[in-house]
Amino acid sequence: MEVAETKSSSSYAKPPWLFKGRHFLYDLHCVISALYQLHLVKAETARAFIPKEFKLVEAFGYTLGGFFLAHYDDSPAGMFDELVVIAGIVWNPPTSCA
């Protein structure tokens, strides 16, 4: 019996990884070309979604949040859509350099 060699799902292609596609900004009324949309988010709301070890960057009770929406036609993972929701901006010393 011959065993076929299969690629493990945990192994990745060698970098650089190339993602090809388009991106959209969704603004309740229309879809336009953009990378992301930022919004003021109340700090107390954002804290519910951010790990306690991160310090939330805020001013006057607000932080910046938003989202990024993209559709990839070609990538190492195949075709897919991506939605990234940004709860707020955080400071994680010493790795953060803001």
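Seven residues, Tyr36, Leu38, Leu40, Val57, Tyr62, Leu64 and Ile89, make a nonpolar surface patch of about 630 Å² in this predicted model. Two strands each supply at least two residues of the nonpolar patch, namely strand 3, which covers residues 37–42, and strand 5. One of the patch residues, Leu38, has its place in strand 3, and because its relative accessible area is 39%, Leu38 counts as partly exposed.

From the surface the reader can turn to the interior, where the largest nonpolar core has five residues, Val41, Ala43, Ala46, Ile50 and Leu56. When residues up to four places away in sequence are not counted, Val41 touches Ala46, Gly61, Tyr62, Thr63, Gly65 and Ala87. Among these contacts of Val41 is Ala46, which is also a member of the largest nonpolar core, while another contact, Tyr62, belongs to the nonpolar surface patch.

Helix 1 spans residues 43–47 and holds Glu44. With a relative accessible area of 65%, Glu44 is exposed, because exposed residues are those over 50%. Along the chain Glu44 and Leu56 are twelve residues apart, and their C-alpha atoms are separated by 9.8 Å; Leu56 is itself one of the residues in the largest nonpolar core.

Strand 5, which runs over residues 62–74, contains His71. The relative accessible area of His71 is 12%, so this residue is buried, the limit for buried residues being under 20%. The C-alpha atoms of His71 and Lys20 are separated by 8.4 Å, although these two residues stand 51 residues apart along the chain.

Note on methods. Residues numbered from 1 in each chain as written. Predicted model: local features only at pLDDT ≥ 70, side-chain atom pairs only at ≥ 80, totals over all residues. Heavy atoms only, no water. Helix = DSSP H or I, 4+ residues; strand = E, 2+ residues; numbered from the N terminus. Buried < 20%, exposed > 50% of the residue type's maximum accessible area, 1.4 Å probe, protein only. Core = buried A, V, L, I, M, F, W, Y, C linked by side-chain atoms within 4.5 Å. Contact = heavy atoms within 4.5 Å. Patch = residues over 30% accessible without salt bridge, like charges linked within 9 Å, V, L, I, M, F, W, Y side chains within 5 Å. Areas by Shrake-Rupley, 256 points an atom, 1.4 Å probe, with all protein chains shown as cover. Salt bridge = Lys/Arg side-chain N within 4 Å of Asp/Glu carboxyl O.
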